[in-house]
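Trainee: Could you give me a close look at the packing in this one, going residue by residue where it helps? I'd like to know who touches whom.

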Amino acid sequence: MSKRTLISSGSPNEPVIGFSRAVRVGNTIAVAGTGPMGADGKLVGPGDLYAQTRQCLETIKAAIEQAGGSLADTVRTTVMLTSADDWREAARAHGEFFSEIRPACTFVVVTGFVNPDWLVEIEADAIIADA
C-alpha cells in the first residue's frame, strides 16, 4: 500500500476544515483549491487578477515541491474565476508557469469564493513519472 503524505500550507483552517494543501500517494500529488494568500496569511494583489493568479501558482509550486515533485510533473490545473471578463490576465500568469509543461487545463467561472476578495482559486494534480 502506498504511503500517504500530507502537505500543509500552515493555514489555521486546515485542521478545522479537515484538509491539506496537498496530498501525495505514491507518485500522485493532488493540490487543493488554492487562493491568493501570501505566507503571512494576507491577500496578495487585491483587485488584480494577474497578481492573484501568480500567487496561487507560487503556492501550488511550493506544495508540489514540498511533496517531492516539480512543476514539470503537473498534469492538470483547474482555474476558477469570479468573472470571465479578464480571463486573459489569469491565462497570461498560467502561461508564465506552464507554457512549456502544458498540463490539461480548464477555466471555469464560479459565483464566488469563501473570501469575497478572491478573484481566482486554482487546483492542480501532478504525477511524478519516475517515482
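Mentor: Sure. One term before we start: two residues are in contact when they have heavy atoms within 4.5 Å of each other. Keep in mind, too, that this is a predicted model.

Let's start with alanine 67. You'll find alanine 67 in the loop between α2 and β4. Is alanine 67 buried or exposed? Its relative accessibility is 8%, and since buried means under 20%, alanine 67 counts as buried. Setting aside neighbours within four places in sequence, the contacts of alanine 67 are Ile7, Arg24 and Ile29. There's also a C-alpha separation of 9.5 Å between alanine 67 and threonine 28, although their positions lie 39 residues apart along the chain.

Ile29, one of those partners, takes us to the nonpolar core. The largest such core has 22 residues, and Ile29 is listed with Val31, Ile60, Ile64, Val120 and Ile122 as having the most contacts inside it. Two or more residues each come from β3 (28-34), α2 (49-66), β4 (74-81), α3 (87-98) and β6 (120-127). Which element gives the most? That's α2, with six residues. As a rule, nonpolar side chains in soluble globular proteins tend to be buried together.

Take isoleucine 64 as a worked example from that core. Not counting residues up to four places away in sequence, isoleucine 64 touches Ile29 and Val31, then Gly69, Ser70, Leu71 and Thr74, and also Ala126. So Ile29 turns up as a partner of isoleucine 64 and of alanine 67.

Now have a look at proline 36, in the loop between β3 and α2. With 0% relative accessibility, proline 36 counts as buried. Its contacts beyond four places in sequence are Lys42, Leu43, Val44, Gln52, Gln55, Cys56, Trp118 and Val120. Val120 is a name you've just met among the core residues with the most contacts. Another proline to check is proline 46: it sits 10 residues from proline 36 in sequence, with 9.1 Å between the two C-alpha atoms.

Cys56 also links us to glutamate 121, a residue of strand β6. Despite the charge you'd assign to its side chain, glutamate 121 counts as buried, at 16% relative accessibility. Past the four-place window, glutamate 121 is in contact with Gly33, Thr34 and Gly35, with Cys56, with Thr78, Val79 and Met80, and with Phe113. For threonine 78, which is 43 residues away along the chain, the C-alpha distance to glutamate 121 is 8.3 Å.

For contrast, try arginine 102, in the loop between α3 and β5 (104-109). Arginine 102 counts as exposed, with 68% relative accessibility. Its phi is near 50°, which is a positive value in a residue other than glycine. Arginine 102 and valine 75 are 27 residues apart along the chain, and their C-alpha atoms are separated by 7.9 Å.

Finally, step back to the whole chain. The protein has three helices and six strands, running β-α-β-β-α-β-α-β-β from the N terminus. Among contacts with a separation of 6 or more, 68% join residues 24 or more positions apart. Of the 131 residues, 37% count as buried. The radius of gyration is 14 Å, which agrees with the value near 14 Å for a compact globule of 131 residues. The C-alpha trace spans about 45 × 35 × 25 Å along its principal axes. As for the outside, the accessible surface is about 7,300 Å², with 51% belonging to carbon and sulfur atoms. On charge, there are 11 positive and 16 negative side chains, and the centres of those two sets lie 5 Å apart.

Notes: Residues numbered from 1 in each chain as written. Predicted model: local features only at pLDDT ≥ 70, side-chain atom pairs only at ≥ 80, totals over all residues. Heavy atoms only, no water. Helix = DSSP H or I, 4+ residues; strand = E, 2+ residues; numbered from the N terminus. Rg over C-alpha atoms; globule rule 2.2 N^0.38 Å. Buried < 20%, exposed > 50% of the residue type's maximum accessible area, 1.4 Å probe, protein only. Areas by Shrake-Rupley, 256 points an atom, 1.4 Å probe, with all protein chains shown as cover. Lys, Arg positive; Asp, Glu negative; His and termini not counted. Charge placed at Lys NZ, Arg CZ, Asp CG, Glu CD. Core = buried A, V, L, I, M, F, W, Y, C linked by side-chain atoms within 4.5 Å.
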